[in-house]
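Please open the model in a viewer and keep the selection panel at hand. The stops below proceed from a single residue to the packing of helices and then to the contact between chains.

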Amino acid sequence: MDKSNFNKEQYYDSVRKLDSIFRGMSETINENSKWRCPYKNVENRCTAKFGCRNQDRDVNKDELYLCTGSDSLNYRSAWDL
Amino acid sequence: MPIVNESLEKELQYVSDLKEQAHIRALWTKADPLMQEISVSLIQGKNEVVSDLTEAALEKGFSANTILDDGLIAGMAIVGVKFRDNIIFVPEVLVAARAMKAGMAHIEPILSESGIEPLGTVIMGTVKGDLHDIGKNLCIMMLRGAGFSVIDLGVDTSPEEFIEAIEDNEANVVGMSALLTTTMPNMGKTIQAFEEVEMRDIVKVMVGGAPLTQEFADDMGADGYGKDAISCVDLAKSFYS
């Protein structure tokens, strides 16, 4: 493992690049959170660690609950503790 | 060198803007197949694979810069594009961020040996009684990306747990999150606990969460309010500057 070929300036450029990617993502998050629950994954499964009335719990063991929430409604009111 | 990784070629097809696709393709054709494999594993959120491949790449003599740029960040760029275009959503982004962290675990000792220290240490947690963690997790992803060392206390965090983490890690910044109006007051109680153990002067407290406002943050005595993950990073930077 050759650690001597590390370039600090290049690293700082990398951090700036990553920061820029994340800032772009943050803007998308702000926009998406207006219509889609952030806990709902691409397969419409719920990744939350808390209860929600939109969770369909009739799933196989080890599977995430299905999300039955509509993306056109405010999802936050369904969240339970 | 062409893109030899079939999965990566498939991932590129998600980039609908052809100019953007050509730009990314050009970057990847310059990258070693091992870097392409790191990228695609990160996109797919395979944290253990990313960890193993990063370790193997370092052993083969690839520089940390190359792995970071051509492997990890190149993969995260595609994650950003897929997220922007609603092909994936927040949970998938966080899984990719976990994979990035797994790779970074091998890069960080090299940064340290090269004299690059974290910008600072930030303790992050969702307050007592609250189990909502996605906002906190996104902040953590961005803080780490910006160069901070982050201690994640998870959800339902008591004031005592915050205090212990500050002491153990000699941190000067704490971030607290709450998403319920019923748990928001626990932020104030945690700040009060810092005062009781005479810790308030050594830590800056930033707070965030959907129901919070600047006014509420001021009322409870926080040093800063972050309305989103970007603000969280900017606040942490200002506290450590």
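**Stop 1: a residue on a helix**

Select Arg16(A), which is found in helix α1 (residues 8-32) of chain A; helices are DSSP runs (H or I, at least four residues) numbered from the N terminus. The model is predicted: local features need pLDDT of at least 70 and side-chain atom pairs count only at pLDDT 80 or more, whereas totals for chains, interfaces and linings use all residues. Residues are numbered from 1 along each chain as its sequence is written, and chains are lettered from A and ligands numbered from 1 in the order in which they are written.

Is Arg16(A) buried or exposed? Arg16(A) has 11 other C-beta atoms within 10 Å and is therefore exposed (12 or fewer such atoms, with C-beta atoms placed from the backbone). Now add Tyr39(A) to the selection: 23 residues separate Arg16(A) and Tyr39(A) in sequence, and their C-alpha atoms are 28 Å apart in space.

**Stop 2: α1(A) against α7(B)**

Show α1(A) together with α7(B), residues 134-146. Their axes come within 8 Å and cross at roughly 160 degrees; axes are lines fitted to C-alpha atoms over the stretch in contact, and angles run from 0 to 180 degrees between N-to-C directions. The two helices are therefore roughly antiparallel (angles over 145 degrees).

To see where they meet, select Val15(A), Leu18(A), Asp19(A), Phe22(A), Ser26(A) and Ile29(A) on α1(A), then Leu138(B), Met141(B), Met142(B), Gly145(B) and Ala146(B) on α7(B). Contact requires C-beta atoms, placed from the backbone, within 7 Å. The residues of this contact divide into eight nonpolar, two polar and one charged; Ala, Val, Leu, Ile, Met, Phe, Trp, Tyr, Cys and Pro count as nonpolar, Asp, Glu, Lys and Arg as charged, and the others, Gly among them, as polar.

**Stop 3: the contact between the chains**

Widen the selection to the contact of the two chains, which takes 38 residues from chain B and 33 residues from chain A. Which helix gives the most to the side of chain B that touches chain A? It is α5(B), with ten residues. That side of chain B divides into 23 nonpolar, eight polar and seven charged residues.

**Stop 4: a pair within chain B**

Finally, select α4(B) (residues 47-59) and α6(B) (residues 90-113), which pack at an angle of about 25 degrees with their axes 8 Å apart. These helices are therefore roughly parallel (angles under 35 degrees). Their contact includes Val50(B) and Leu58(B) of α4(B), and Ala99(B) and His106(B) of α6(B).

Note on methods. Angles under 35 degrees count as roughly parallel, over 145 as roughly antiparallel, 65 to 115 as roughly perpendicular and the rest as oblique. A residue is buried if 20 or more other C-beta atoms lie within 10 Å of its own, exposed if 12 or fewer, and partly exposed in between; C-beta atoms are placed from the backbone.
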